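Student: I should like a close look at a single part of this structure, chosen so that its surroundings can be followed outward. Please treat the side chains in detail.

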Amino acid sequence: MSGFRHVVMFRWAEGTTTGQQEEVRARLAELPALIPEIGTLSLGFDAGVNEGSYDFVVVGDFADRYAYVAYRDHPAHRAVVDEYIKPILDQRAAVQYEL
């Protein structure tokens, strides 16, 4: 297997509504149609099985690191981050790695 993976986890700020969380998911789900460099984009809410987990995860697979950077810097992605994620974000953790 070859490629490049981006994993990012979010912990939402206290008081974040379910509607705000769903809006983040919906906006991120639109990105594969707008950004051709995205291979796959998997989105998920924490199942609540383990205490201390993050609230939401994004796993993106790309052909290579250059495709990831194109996604990272794409105006459509930046708009989702700035308009929907940052206003409700408490913590973020991310890792990128070669497959």
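Tutor: What follows begins with one residue and its partner, and then turns to other charged pairs, the largest pocket and the loops.

The model is predicted, so local features are reported only at pLDDT of at least 70 and side-chain atom pairs only at pLDDT 80 or more, whereas totals for chains, interfaces and linings use all residues. Numbering starts from 1 along each chain as its sequence is written, and side-chain values use heavy atoms, with hydrogens and water left out.

The residue chosen is Asp-61, which sits in strand β3, residues 56–62. Strands are DSSP runs of E of at least two residues, helices are runs of H or I of at least four, and both are numbered from the N terminus. Asp-61 has a relative accessible area of 17% and is therefore buried (buried is under 20%, exposed over 50%, partly exposed in between, with a 1.4 Å probe and protein chains only). The neighbours that Asp-61 touches are Phe-4, Arg-5, Ile-38, Gly-39, Thr-40 and Leu-99, once residues up to four places away in sequence are set aside; a contact requires heavy atoms within 4.5 Å.

Among these neighbours, Arg-5 deserves particular attention. The side chains of Arg-5 and Asp-61 are joined by a polar contact of 2.6 Å (a pair of N or O atoms within 3.5 Å, where within protein one must be able to donate a hydrogen and the other to accept it, and residues adjacent in sequence count only through two side-chain atoms). The two side chains also meet in a salt bridge, at 2.6 Å from N to O; this term requires a side-chain nitrogen of Lys or Arg within 4 Å of a carboxyl oxygen of Asp or Glu. What does the Asp-61 and Arg-5 pair tie together? Arg-5 lies in strand β1 (residues 4–12) and Asp-61 in strand β3, so the bridge links parts that are 56 residues apart in sequence.

In total, the structure holds five salt bridges. One of the others joins the side chains of Arg-27 and Glu-23, at 2.6 Å from N to O. Both belong to helix α1 (residues 18–29), where a spacing of four residues puts about one helical turn between them. Arg-27 has a relative accessible area of 29% and is partly exposed. Glu-23 is likewise partly exposed, at 29% relative accessibility. Another salt bridge pairs Lys-86 with Asp-82, whose closest N and O atoms are 3.2 Å apart. Lys-86 is partly exposed at 49% relative accessibility, and Asp-82 is partly exposed at 40%.

Strand β1, which carries Arg-5, also contributes to the largest pocket, as do α3 (65–73), α4 (75–85) and β4 (89–98), each giving two or more residues to its lining. A pocket is an open set of points on a 1 Å grid over the protein atoms alone where a 1.4 Å probe fits, with protein on both sides within 12 Å along at least five of seven lines; lining residues have an atom within 4 Å of a point. Of the 15 lining residues, Phe-10, His-77, Arg-78, Val-81 and Arg-92 lie nearest the centre. Helix α4 gives the most to this lining, with four residues.

Two of those central residues, Phe-10 and Arg-92, are also touched by Tyr-54, together with Met-9, Arg-11, Asp-46, Gln-91 and Ala-93, not counting residues up to four places away in sequence. Tyr-54 is placed in the loop between β2 and β3 and is partly exposed, with a relative accessible area of 21%. From Tyr-54 to Val-81 the C-alpha distance is 17 Å, across 27 residues in sequence.

Glu-51 belongs to the loop between β2 (38–45) and β3 and is exposed, with a relative accessible area of 85%. Its C-alpha atom is 20 Å from that of Val-7, 44 residues away along the chain.

Finally, the loop between β1 and α1 contains Thr-16, which is buried at 17% relative accessibility. The Thr-16 side chain reaches the backbone oxygen of Ala-13 at 2.7 Å. Beyond its neighbours within four places in sequence, Thr-16 is in contact with Gln-21 and Ile-88. Glu-14 lies in the loop between β1 and α1 and is exposed, at 83% relative accessibility. The C-alpha atoms of Glu-14 and Asp-55 are separated by 11 Å, with their positions 41 residues apart along the chain.
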